[in-house]
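Trainee: I'm new to this one and would like a guided tour. Please start with the overall picture, then zoom in on a single part.

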Amino acid sequence: MNDHKISNSPASSIETLLTHDGREPDEQFGFVNTPVYRGSTILFKTLADLESAQQRFLYGRAGNPTTESVEAVVNALEGAHRTKLVPSGLAAITIALLACVKTGDDVLITDSAYEPGRKFADGYLERMGVSVRYFDPHIGTGLTELMRPNTRAVLAESPGSLTFEVQDIAVLAEAAHAGGARLIVDNSWATPLYHRPLALGADIVVHAATKMFVGHSDVMAGTISTTEEAWPDVDRIRTLLGFFASGDDAFLVARGLRTLSIRMAAHQERALDIAAWLETQDAVTQVLHPALPSHPDHAIWKKNFTGSGSLFGFVLKPASRDAVAAFVDHLQLFGMGYSWGGYESLCLPVKPGKARTVNPWTRDGNLFRVHIGLEGVDDLKADLSAALERYSAVR
Ligand SMILES: *Cc1c(COP(=O)(O)O)cnc(C)c1O
(Lines give C-alpha, C1' and ligand atoms only; values in the text may rest on other atoms or scores of the structure.)
Protein backbone atom coordinates (compact mmCIF):
# COMPACT_ATOMS: atom_id res chain seq x y z
CA MET A 1 0.00 0.00 0.00
CA ASN A 2 1.50 3.35 -0.84
CA ASP A 3 1.58 6.31 1.52
CA HIS A 4 -0.29 8.87 -0.50
CA LYS A 5 -1.02 11.92 1.65
CA ILE A 6 -3.64 14.50 0.79
CA SER A 7 -2.54 17.82 2.20
CA ASN A 8 -3.51 20.91 0.28
CA SER A 9 -3.13 23.41 3.05
CA PRO A 10 -0.02 25.14 4.25
CA ALA A 11 -1.62 24.27 7.64
CA SER A 12 -1.07 27.77 8.92
CA SER A 13 -4.06 27.36 11.18
CA ILE A 14 -6.41 24.64 12.37
CA GLU A 15 -9.30 26.34 10.56
CA THR A 16 -7.43 26.26 7.24
CA LEU A 17 -6.44 22.66 7.77
CA LEU A 18 -10.06 21.68 8.50
CA THR A 19 -11.35 23.39 5.39
CA HIS A 20 -8.58 22.47 2.92
CA ASP A 21 -6.96 19.17 3.92
CA GLY A 22 -8.18 15.89 2.50
CA ARG A 23 -9.71 17.44 -0.63
CA GLU A 24 -8.55 16.80 -4.18
CA PRO A 25 -10.80 18.77 -6.56
CA ASP A 26 -8.40 18.12 -9.45
CA GLU A 27 -9.05 14.39 -9.07
CA GLN A 28 -12.84 14.94 -8.95
CA PHE A 29 -13.54 17.02 -12.08
CA GLY A 30 -13.20 20.16 -9.97
CA PHE A 31 -15.94 19.26 -7.52
CA VAL A 32 -15.14 20.70 -4.12
CA ASN A 33 -15.84 17.57 -2.08
CA THR A 34 -14.51 14.08 -2.56
CA PRO A 35 -17.67 12.16 -3.47
CA VAL A 36 -18.86 8.87 -2.04
CA TYR A 37 -16.77 6.06 -3.49
CA ARG A 38 -18.47 2.69 -3.27
CA GLY A 39 -16.57 -0.32 -4.40
CA SER A 40 -14.91 -3.60 -3.81
CA THR A 41 -13.03 -4.25 -7.05
CA ILE A 42 -10.33 -1.92 -8.28
CA LEU A 43 -9.07 -2.71 -11.77
CA PHE A 44 -5.47 -3.15 -12.87
CA LYS A 45 -4.49 -2.45 -16.47
CA THR A 46 -1.62 -4.90 -16.83
CA LEU A 47 -0.07 -7.93 -15.21
CA ALA A 48 2.86 -5.72 -14.27
CA ASP A 49 0.48 -3.36 -12.41
CA LEU A 50 -1.13 -6.29 -10.62
CA GLU A 51 2.21 -7.76 -9.58
CA SER A 52 3.85 -4.55 -8.45
CA ALA A 53 0.87 -3.58 -6.25
CA GLN A 54 1.91 0.06 -6.54
CA GLN A 55 -1.49 1.47 -7.41
CA ARG A 56 -2.89 3.93 -4.91
CA PHE A 57 -5.86 1.61 -4.29
CA LEU A 58 -5.78 -2.16 -4.59
CA TYR A 59 -8.95 -3.49 -2.99
CA GLY A 60 -12.01 -1.82 -1.47
CA ARG A 61 -11.52 -3.09 2.05
CA ALA A 62 -8.23 -1.22 2.43
CA GLY A 63 -9.89 2.15 1.83
CA ASN A 64 -10.94 4.51 -0.94
CA PRO A 65 -10.64 8.22 -1.73
CA THR A 66 -13.59 9.07 0.53
CA THR A 67 -12.18 7.28 3.58
CA GLU A 68 -8.77 8.81 2.87
CA SER A 69 -10.32 12.28 2.77
CA VAL A 70 -11.23 11.81 6.44
CA GLU A 71 -7.94 10.20 7.43
CA ALA A 72 -5.89 13.07 5.99
CA VAL A 73 -7.72 15.66 8.09
CA VAL A 74 -7.65 13.73 11.38
CA ASN A 75 -4.02 12.77 10.81
CA ALA A 76 -3.01 16.40 10.41
CA LEU A 77 -5.08 17.46 13.42
CA GLU A 78 -3.50 14.86 15.69
CA GLY A 79 -0.01 15.37 14.32
CA ALA A 80 0.11 11.62 13.69
CA HIS A 81 2.19 9.43 11.39
CA ARG A 82 -0.89 7.71 9.99
CA THR A 83 -4.62 7.59 10.72
CA LYS A 84 -7.20 4.98 9.84
CA LEU A 85 -10.96 5.34 9.69
CA VAL A 86 -12.77 2.38 11.27
CA PRO A 87 -16.46 1.47 11.70
CA SER A 88 -16.95 2.80 15.24
CA GLY A 89 -15.24 4.35 18.21
CA LEU A 90 -15.36 0.98 19.95
CA ALA A 91 -13.64 -0.65 16.95
CA ALA A 92 -10.89 1.97 17.28
CA ILE A 93 -10.39 0.96 20.93
CA THR A 94 -10.43 -2.79 20.25
CA ILE A 95 -8.00 -2.54 17.30
CA ALA A 96 -5.65 -0.32 19.30
CA LEU A 97 -5.57 -2.77 22.21
CA LEU A 98 -5.18 -5.83 19.98
CA ALA A 99 -2.34 -4.11 18.16
CA CYS A 100 -0.34 -3.99 21.40
CA VAL A 101 -0.85 -7.41 22.98
CA LYS A 102 -0.44 -11.13 22.55
CA THR A 103 -1.27 -14.05 24.83
CA GLY A 104 0.58 -13.74 28.12
CA ASP A 105 0.69 -9.93 28.06
CA ASP A 106 -0.95 -7.50 30.47
CA VAL A 107 -2.94 -4.29 29.96
CA LEU A 108 -3.79 -1.46 32.35
CA ILE A 109 -6.99 0.54 31.84
CA THR A 110 -8.20 3.64 33.62
CA ASP A 111 -11.14 2.90 35.90
CA SER A 112 -12.96 5.84 34.27
CA ALA A 113 -12.79 4.34 30.75
CA TYR A 114 -15.71 4.11 28.34
CA GLU A 115 -17.56 1.00 29.56
CA PRO A 116 -17.84 -1.01 26.31
CA GLY A 117 -14.03 -0.80 26.02
CA ARG A 118 -13.78 -2.35 29.48
CA LYS A 119 -16.21 -5.05 28.45
CA PHE A 120 -14.04 -5.88 25.43
CA ALA A 121 -10.98 -6.16 27.67
CA ASP A 122 -12.77 -8.29 30.29
CA GLY A 123 -14.79 -10.36 27.85
CA TYR A 124 -12.30 -10.90 25.06
CA LEU A 125 -8.70 -10.04 25.98
CA GLU A 126 -8.96 -12.06 29.21
CA ARG A 127 -10.27 -15.02 27.20
CA MET A 128 -7.26 -14.75 24.89
CA GLY A 129 -4.90 -15.00 27.87
CA VAL A 130 -4.18 -11.30 28.37
CA SER A 131 -4.50 -10.07 31.96
CA VAL A 132 -6.55 -6.89 32.38
CA ARG A 133 -6.16 -4.56 35.36
CA TYR A 134 -7.70 -1.20 36.14
CA PHE A 135 -6.11 1.85 37.74
CA ASP A 136 -7.24 4.95 39.57
CA PRO A 137 -7.69 7.72 36.97
CA HIS A 138 -5.70 9.98 39.31
CA ILE A 139 -2.81 7.55 39.65
CA GLY A 140 -0.27 9.82 37.88
CA THR A 141 3.32 8.73 38.59
CA GLY A 142 1.91 5.84 40.68
CA LEU A 143 1.39 4.02 37.38
CA THR A 144 5.07 3.04 37.56
CA GLU A 145 4.39 0.74 40.52
CA LEU A 146 1.60 -1.05 38.67
CA MET A 147 3.66 -1.83 35.59
CA ARG A 148 4.65 -5.48 35.19
CA PRO A 149 7.34 -6.84 32.89
CA ASN A 150 4.59 -8.07 30.52
CA THR A 151 2.47 -4.88 30.53
CA ARG A 152 2.20 -3.83 26.88
CA ALA A 153 -0.64 -1.29 26.79
CA VAL A 154 -2.06 1.42 29.01
CA LEU A 155 -5.47 2.81 28.04
CA ALA A 156 -6.31 6.32 29.26
CA GLU A 157 -9.25 8.58 28.62
CA SER A 158 -9.11 12.25 29.46
CA PRO A 159 -11.47 13.32 30.79
CA GLY A 160 -13.07 10.03 31.83
CA SER A 161 -16.45 8.88 30.56
CA LEU A 162 -19.30 9.79 32.93
CA THR A 163 -17.09 11.09 35.77
CA PHE A 164 -14.72 13.52 33.99
CA GLU A 165 -11.42 12.89 35.79
CA VAL A 166 -8.60 14.55 33.85
CA GLN A 167 -5.45 12.50 33.30
CA ASP A 168 -1.96 13.87 32.90
CA ILE A 169 -1.00 12.20 29.63
CA ALA A 170 2.69 13.16 29.76
CA VAL A 171 3.07 11.51 33.18
CA LEU A 172 1.24 8.34 32.11
CA ALA A 173 3.26 8.17 28.87
CA GLU A 174 6.54 8.33 30.73
CA ALA A 175 5.54 5.55 33.12
CA ALA A 176 4.16 3.38 30.30
CA HIS A 177 7.25 3.80 28.14
CA ALA A 178 9.65 3.15 31.01
CA GLY A 179 7.87 -0.17 31.50
CA GLY A 180 7.89 -1.08 27.81
CA ALA A 181 4.19 -0.38 27.14
CA ARG A 182 2.37 1.89 24.72
CA LEU A 183 -0.09 4.55 25.87
CA ILE A 184 -3.45 4.63 24.08
CA VAL A 185 -5.62 7.72 24.69
CA ASP A 186 -9.32 8.15 23.96
CA ASN A 187 -9.48 11.80 22.89
CA SER A 188 -13.16 11.97 21.92
CA TRP A 189 -14.19 14.65 24.44
CA ALA A 190 -11.81 17.47 23.57
CA THR A 191 -11.04 16.52 19.95
CA PRO A 192 -7.52 17.31 18.66
CA LEU A 193 -8.57 20.95 18.49
CA TYR A 194 -8.22 21.23 22.25
CA HIS A 195 -6.01 18.28 23.28
CA ARG A 196 -3.22 16.54 21.36
CA PRO A 197 -2.12 13.43 23.23
CA LEU A 198 0.58 12.40 20.71
CA ALA A 199 2.39 15.67 21.38
CA LEU A 200 2.21 14.84 25.10
CA GLY A 201 3.82 11.43 24.58
CA ALA A 202 0.93 9.07 23.74
CA ASP A 203 1.50 6.40 21.06
CA ILE A 204 -2.03 5.84 19.80
CA VAL A 205 -5.04 8.17 19.84
CA VAL A 206 -8.55 6.86 19.31
CA HIS A 207 -11.74 8.76 18.58
CA ALA A 208 -15.41 8.06 18.60
CA ALA A 209 -15.77 9.99 15.33
CA THR A 210 -19.47 9.24 15.84
CA LYS A 211 -19.50 12.13 18.30
CA MET A 212 -17.91 15.52 17.56
CA PHE A 213 -16.30 14.74 14.17
CA VAL A 214 -19.63 13.75 12.66
CA GLY A 215 -21.56 16.30 14.71
CA HIS A 216 -25.04 15.44 13.44
CA SER A 217 -25.93 12.14 15.16
CA ASP A 218 -26.26 10.37 11.83
CA VAL A 219 -23.19 8.12 11.44
CA MET A 220 -21.11 5.63 13.43
CA ALA A 221 -17.34 5.87 12.87
CA GLY A 222 -14.01 5.82 14.65
CA THR A 223 -10.43 6.82 13.97
CA ILE A 224 -7.03 5.53 15.10
CA SER A 225 -4.02 7.82 14.81
CA THR A 226 -0.54 6.60 15.70
CA THR A 227 3.13 7.37 15.89
CA GLU A 228 5.45 5.92 13.25
CA GLU A 229 6.57 3.24 15.75
CA ALA A 230 3.02 2.02 16.52
CA TRP A 231 1.62 2.25 13.00
CA PRO A 232 2.76 -1.14 11.57
CA ASP A 233 1.08 -3.06 14.41
CA VAL A 234 -2.17 -1.08 14.16
CA ASP A 235 -2.23 -1.33 10.37
CA ARG A 236 -1.56 -5.07 10.46
CA ILE A 237 -4.27 -5.86 13.02
CA ARG A 238 -6.89 -3.73 11.26
CA THR A 239 -6.04 -5.37 7.94
CA LEU A 240 -6.10 -8.88 9.40
CA LEU A 241 -9.45 -8.30 11.09
CA GLY A 242 -11.05 -6.81 7.99
CA PHE A 243 -12.46 -3.66 9.56
CA PHE A 244 -13.67 -1.20 6.94
CA ALA A 245 -15.67 2.03 7.07
CA SER A 246 -17.88 2.71 4.05
CA GLY A 247 -17.53 5.62 1.66
CA ASP A 248 -21.09 6.70 2.49
CA ASP A 249 -20.24 7.04 6.17
CA ALA A 250 -16.83 8.55 5.45
CA PHE A 251 -18.45 11.27 3.35
CA LEU A 252 -20.51 12.39 6.34
CA VAL A 253 -17.51 12.31 8.67
CA ALA A 254 -15.59 14.49 6.18
CA ARG A 255 -18.52 16.88 5.96
CA GLY A 256 -18.72 17.12 9.75
CA LEU A 257 -15.00 17.84 10.07
CA ARG A 258 -15.23 20.93 7.83
CA THR A 259 -17.18 22.78 10.53
CA LEU A 260 -15.56 21.19 13.58
CA SER A 261 -13.79 24.32 14.77
CA ILE A 262 -16.85 26.58 14.80
CA ARG A 263 -19.03 23.83 16.25
CA MET A 264 -16.56 23.08 19.04
CA ALA A 265 -16.31 26.77 19.89
CA ALA A 266 -20.11 27.06 20.06
CA HIS A 267 -20.53 23.85 22.08
CA GLN A 268 -17.74 24.90 24.44
CA GLU A 269 -19.20 28.33 25.12
CA ARG A 270 -22.74 27.04 25.71
CA ALA A 271 -21.61 24.11 27.87
CA LEU A 272 -19.48 26.36 30.08
CA ASP A 273 -22.27 28.90 30.45
CA ILE A 274 -24.77 26.22 31.49
CA ALA A 275 -22.27 24.39 33.74
CA ALA A 276 -21.51 27.61 35.64
CA TRP A 277 -25.22 28.38 35.91
CA LEU A 278 -25.96 24.88 37.23
CA GLU A 279 -23.39 25.43 40.00
CA THR A 280 -25.64 28.19 41.38
CA GLN A 281 -28.77 26.03 41.48
CA ASP A 282 -30.10 24.80 44.80
CA ALA A 283 -30.65 21.14 43.94
CA VAL A 284 -27.16 20.81 42.39
CA THR A 285 -24.44 19.52 44.72
CA GLN A 286 -21.61 19.28 42.18
CA VAL A 287 -20.87 20.06 38.52
CA LEU A 288 -18.26 17.84 36.85
CA HIS A 289 -16.77 20.07 34.16
CA PRO A 290 -12.94 20.18 33.94
CA ALA A 291 -12.90 23.80 32.73
CA LEU A 292 -14.65 25.05 35.86
CA PRO A 293 -12.24 26.23 38.57
CA SER A 294 -14.20 24.10 41.06
CA HIS A 295 -13.21 20.87 39.25
CA PRO A 296 -10.63 18.87 41.23
CA ASP A 297 -8.46 18.39 38.11
CA HIS A 298 -8.81 21.91 36.77
CA ALA A 299 -5.04 22.52 37.00
CA ILE A 300 -4.21 19.48 34.81
CA TRP A 301 -6.92 20.49 32.35
CA LYS A 302 -5.44 23.98 32.15
CA LYS A 303 -1.96 22.63 31.55
CA ASN A 304 -2.87 20.12 28.82
CA PHE A 305 -6.00 21.42 27.11
CA THR A 306 -6.67 24.55 25.10
CA GLY A 307 -10.45 24.25 25.29
CA SER A 308 -13.30 22.11 26.55
CA GLY A 309 -16.06 19.99 25.08
CA SER A 310 -19.82 19.82 25.04
CA LEU A 311 -20.17 17.08 27.60
CA PHE A 312 -20.19 17.32 31.40
CA GLY A 313 -21.90 15.91 34.45
CA PHE A 314 -23.78 17.22 37.44
CA VAL A 315 -24.95 15.67 40.70
CA LEU A 316 -28.31 16.47 42.24
CA LYS A 317 -29.19 16.13 45.93
CA PRO A 318 -30.24 12.60 46.91
CA ALA A 319 -33.75 11.80 45.77
CA SER A 320 -35.91 8.90 44.68
CA ARG A 321 -36.11 7.31 41.25
CA ASP A 322 -39.42 9.14 40.85
CA ALA A 323 -37.57 12.44 41.16
CA VAL A 324 -35.09 11.37 38.45
CA ALA A 325 -38.04 10.40 36.25
CA ALA A 326 -39.72 13.75 36.96
CA PHE A 327 -36.48 15.45 35.84
CA VAL A 328 -35.94 13.64 32.55
CA ASP A 329 -39.45 12.57 31.46
CA HIS A 330 -40.74 16.05 30.72
CA LEU A 331 -37.67 17.74 29.23
CA GLN A 332 -38.73 19.74 26.18
CA LEU A 333 -35.41 20.27 24.39
CA PHE A 334 -32.95 17.82 25.94
CA GLY A 335 -33.38 14.35 24.50
CA MET A 336 -32.54 11.22 26.47
CA GLY A 337 -30.30 8.74 24.67
CA TYR A 338 -26.79 7.34 24.32
CA SER A 339 -24.02 8.93 22.31
CA TRP A 340 -23.42 12.68 22.08
CA GLY A 341 -21.72 15.22 19.80
CA GLY A 342 -24.71 16.20 17.67
CA TYR A 343 -26.27 19.63 17.24
CA GLU A 344 -29.05 18.63 19.67
CA SER A 345 -28.79 18.60 23.45
CA LEU A 346 -28.97 15.37 25.45
CA CYS A 347 -29.44 14.52 29.10
CA LEU A 348 -28.82 11.06 30.53
CA PRO A 349 -29.11 9.82 34.13
CA VAL A 350 -26.01 7.66 34.70
CA LYS A 351 -24.80 5.23 37.36
CA PRO A 352 -21.00 4.92 37.15
CA GLY A 353 -21.05 2.58 40.15
CA LYS A 354 -21.43 -0.64 38.22
CA ALA A 355 -18.63 0.18 35.79
CA ARG A 356 -16.03 0.76 38.52
CA THR A 357 -13.70 -1.72 40.15
CA VAL A 358 -10.87 0.41 41.63
CA ASN A 359 -12.54 3.65 42.69
CA PRO A 360 -16.16 2.94 43.52
CA TRP A 361 -18.45 5.90 42.83
CA THR A 362 -19.75 6.55 46.33
CA ARG A 363 -21.11 10.06 46.04
CA ASP A 364 -24.60 10.70 47.36
CA GLY A 365 -27.22 11.94 44.96
CA ASN A 366 -28.07 11.35 41.34
CA LEU A 367 -25.58 11.88 38.52
CA PHE A 368 -26.65 13.19 35.11
CA ARG A 369 -24.57 13.61 31.98
CA VAL A 370 -25.46 16.34 29.53
CA HIS A 371 -24.32 17.11 26.02
CA ILE A 372 -24.96 20.77 25.26
CA GLY A 373 -26.07 21.22 21.68
CA LEU A 374 -26.48 24.29 19.55
CA GLU A 375 -29.89 25.48 20.76
CA GLY A 376 -30.33 28.87 22.42
CA VAL A 377 -28.67 28.88 25.84
CA ASP A 378 -31.62 30.56 27.53
CA ASP A 379 -34.01 27.97 26.13
CA LEU A 380 -31.79 25.18 27.47
CA LYS A 381 -31.56 26.81 30.89
CA ALA A 382 -35.35 27.19 31.02
CA ASP A 383 -35.73 23.48 30.19
CA LEU A 384 -33.28 22.49 32.95
CA SER A 385 -34.76 24.99 35.37
CA ALA A 386 -38.23 23.46 35.02
CA ALA A 387 -36.70 19.99 35.41
CA LEU A 388 -34.92 21.04 38.62
CA GLU A 389 -38.20 22.32 40.00
CA ARG A 390 -39.95 19.04 39.19
CA TYR A 391 -37.06 17.13 40.81
CA SER A 392 -37.20 19.16 44.00
CA ALA A 393 -40.99 18.89 44.18
CA VAL A 394 -40.85 15.07 44.09
CA ARG A 395 -37.79 14.58 46.34
C1 LIG B 1 -19.18 6.83 22.29
C2 LIG B 1 -17.80 6.69 22.78
C3 LIG B 1 -16.96 5.69 22.30
C4 LIG B 1 -17.45 4.64 21.31
O5 LIG B 1 -17.80 5.19 20.09
P6 LIG B 1 -18.86 4.42 19.14
O7 LIG B 1 -18.70 5.08 17.83
O8 LIG B 1 -20.20 4.63 19.79
O9 LIG B 1 -18.46 2.99 19.11
C10 LIG B 1 -15.67 5.64 22.75
N11 LIG B 1 -15.20 6.53 23.64
C12 LIG B 1 -15.97 7.51 24.14
C13 LIG B 1 -15.38 8.46 25.11
C14 LIG B 1 -17.30 7.63 23.73
O15 LIG B 1 -18.06 8.59 24.25
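What is the accessible surface of the protein chain, and what share of it belongs to carbon and sulfur atoms? After that, please take a close look at helix α7 and the loop between β4 and α7.

Mentor: Bear in mind that this is a predicted model: local features need pLDDT of at least 70, side-chain atom pairs count only at pLDDT 80 or more, and totals for chains, interfaces and linings use all residues. Residues are numbered from 1 along each chain as its sequence is written, and side-chain values use heavy atoms, leaving out hydrogens and water.

Now for your question: the accessible surface comes to about 16,900 Å² (Shrake-Rupley method, 1.4 Å probe), and carbon and sulfur atoms account for 54% of it. The chain has 14 helices and 11 strands, both being DSSP runs numbered from the N terminus (H or I over at least four residues for helices, E over at least two for strands). Its C-alpha atoms fill a box of roughly 75 × 50 × 35 Å along the principal axes. The radius of gyration, taken over C-alpha atoms, is 22 Å, which agrees with the value near 21 Å for a compact globule of 395 residues; that rule is 2.2 Å times the number of residues to the power 0.38. Of those 395 residues, 55% are buried. Buried means under 20% relative accessible area, exposed means over 50%, and partly exposed is in between (1.4 Å probe, protein chains only). Contact means heavy atoms within 4.5 Å, and among contacts between residues at least 6 apart in sequence, 72% join residues at least 24 apart.

Let's zoom in on your part, starting with the loop between β4 and α7, where you'll find proline 159. The peptide bond leading into this proline from serine 158 is cis, with omega near -5°. Further along in that loop sits phenylalanine 164. Its phi is near 65°, a positive value in a residue other than glycine. Why do these two spots catch the eye? Most residues other than glycine have a negative phi, and most peptide bonds are trans. Phenylalanine 164 also counts as buried because its relative accessible area is 1%.

Next comes the helix itself, α7, covering residues 169-178. Its buried residues are Ile169, Leu172, Ala173, Ala175 and Ala176. What do they pack against? They meet two helices, α6 (143-146) and α12 (298-304), along with two strands, β4 (151-157) and β5 (182-186). So β4 turns up twice in our story, because it borders the loop and also packs against the buried residues of α7. After the helix comes glycine 180, with a positive phi near 80°.

For a contrast elsewhere, try serine 217, in the loop between β6 (204-208) and β7 (222-226). Its phi is positive too, near 55°, but serine 217 is partly exposed at 47% relative accessible area.

One more helix contact is worth a visit: in α4 (residues 89-100), Ile95, Leu98 and Ala99 meet Asp233, Val234, Ile237, Arg238 and Leu241 in α9.
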